[in-house]
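Work through the exercises below with the sequence and the structure at hand. Each task is followed by a solution in steps.

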Amino acid sequence: MTPAQPSAPWWQSAVVYQIYPWSFQDSNGDGIGDLPGIISRLDYLNGSADSLGVDAIWLSPIYPSPMHDFGYDVKDYCDIDPRFGTLADFDRLTLEAHRRGIRVVMDLVLNHTSNEHPWFIESRSSRTSAKRDWYYWADGKSGRRPPNNWAARFGGSAWTLDRHTGQYYLHSFLPEQPDLNWTNPAVREAVFDVVRFWLDRGVDGFRLDAINWLGKETSWPDNPRRLAWRSYYRQVHRYDRDQPHTHEALRALRASLKDRADIFLVGETSSDTPGGPAVFYGDGSNELHEVFDFRLLRSDWRPEVFRRLITDSDRAVPQGGWPPVVFSNHDQSRHIDRYGAGGDPIRRARAAALLLFTLRGTPFVYYGEEVGLRDGRLRRSDLRDPYTIRYWPWKAGRDPARTPMPWDDSPQGGFTSGTPWLPLSQDWRLTNVAREQHDPSSMLSLYKRLIRLKKHSQALTLGAYHPIDEGPKECLLFTREFREADKRQRLLIAVNFSAQPHRISVSVASLAPATTGTLILSTDPQRVEEDWNADQFHLGPDEGIVVSLQ
Ligand code: NOJ
């Protein structure tokens, strides 16, 4: 667990691996992944020469939940859903993970709870309940209309009438996910107790869900309208999120961790947050350590878009903050399919992997991407995500990116001995860990090489990012540079976004003083280490390379 530079926080040189617990490894044959299953696969993640080499796992929610949003509707913040195991299993997982140098990051859902959480049950029991103001309640407008026009992220109004008390409660997502009232100090204290509960159990950080939703304008003004096809976008979200109060809450959370400089906070926000996601770094030392920027994750595989977004998001991070790099997660189609559309998905996914580990920031790997797992082609009857089924029944939604991890080519890919909760992705007999583990040309071998390269290079972990505005427009070029005293390490990274090969030359001005070097890694498995010269080098179709500059 040693960082590349002893003074740098551990996450700056870490690789984080997101586990979707439903889909990683089942141990009891019920078709649903669980904590003992994850424990049995820790050696795959780290601890031996053959392991992938990741430094931390982020577990999507494992708390007791009625699963209307697959765990993002929490019923009890201080326990484990029986589908996944017990607190004792969790303690064993943390212990075993730490033994292998893997830190554990919990998903913390602070904006809302489940409507089955005891806090909400008490809150809705009467207008005078002691917990009434733990959630947002408001009277409707005359004619049985909700208090204002706010739309829920998943569809429909953000208000639901509670017939029993005759008032509406606010939910930014599903009606089963009522929003907590963060203006209430008692709520804040209760949540900080939850944070302490998990810290006492040894967790190393938190991924904060939907964090820009915490603050709302509680005089409940209507959001201004605008034209769009989807109800959520038919309004400017001026009052229902991104309010100053969110920053206050995050500052309080960070301050509560002042004695724990080793605890990592990464936040999820909307890409269209005013000022961009980077506003949640605060001044770089008082809000979040890292904030996801999903613009690259949502972008097409286009060099001009990547060039602009990478440079923009790199510059937006204030001193003291650190960027995460993420291309896939449980809410989006996998990037092998998104970036691959209209091209060769595998070659492009290899080039994307090279970017993931060479850009400045903490790479987040979504389980399965390291073997090239594709979106599952699911039948309508296979779909499980209630949000899609309820609001977007004509779409495949998020389930295709949540199919079980393919471990080998045994029945059900080694994921379960029973019937998996979602079918395996179609190509699991070819795309799986066992098949790729010892094949030097596999995606898995490429991920391992890139992770090792990153770990051993201060230029790649802590170095500065410098874009190079030269070369064909289809290619993206940049350097990473680390300087300390008289030590200077520089790498050049070049990625071809097109299916055509390119001959490239880079001027001395962009690279001075070095114009020669050694090509140390290519995404093309046929290409081996070779001498490299800035005057004349080539990139094959969708090829990415790393050059160590003299
Ligand atoms: C973001 C999570 O990633 C997503 O899965 C969830 O549905 C929403 N937040 C609501 O919690």
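## Charged pairs and their burial

D81 has a relative accessible area of 3%, so D81 is buried. The model used here is predicted.

**Exercise 1.** Find the salt bridge that joins R83 and D81, and classify R83 by accessibility.

Step 1. The two side chains meet at an N to O distance of 2.9 Å. The cut-off for a salt bridge is 4 Å, so the pair qualifies.
Step 2. R83 has 30% relative accessibility and therefore counts as partly exposed. Its partner D81 is buried at 3%.

**Exercise 2.** Describe the contact between E96 and R99 and where the two residues lie.

Step 1. The closest N and O atoms of E96 and R99 are 3.1 Å apart, in a salt bridge.
Step 2. Both residues belong to helix 3 (residues 87–99), with a spacing of three residues, about one turn of the helix.
Step 3. E96 is at 16% relative accessibility, so E96 counts as buried. R99 is exposed, at 61%.

**Exercise 3.** Is E481 buried or exposed, and which side chain does it meet in a salt bridge?

Step 1. The relative accessible area of E481 is 11%. Buried means under 20%, so E481 is buried.
Step 2. E481 meets R488, at 2.7 Å from N to O.
Step 3. R488 is partly exposed, with 37% relative accessibility.

**Exercise 4.** Place the pairs in the wider count, and check for disulfides.

Step 1. The structure has 41 salt bridges.
Step 2. D69, D331, D385, R398 and R402 are linked by salt bridges into a network.
Step 3. The number of disulfides is zero. As for single cysteines, C475 is buried at 0%, and C78 is partly exposed at 26%.

Note on methods: Residues are numbered from 1 along each chain as its sequence is written. This is a predicted model: local features need pLDDT of at least 70, side-chain atom pairs count only at pLDDT 80 or more; totals for chains, interfaces and linings use all residues. Side-chain values use heavy atoms; hydrogens and water are left out. A disulfide is a pair of cysteine sulfur atoms within 2.5 Å. Buried means under 20% relative accessible area, exposed over 50%, partly exposed in between (1.4 Å probe, protein chains only). Helices (H or I, at least four residues) and strands (E, at least two) are DSSP runs, numbered from the N terminus.
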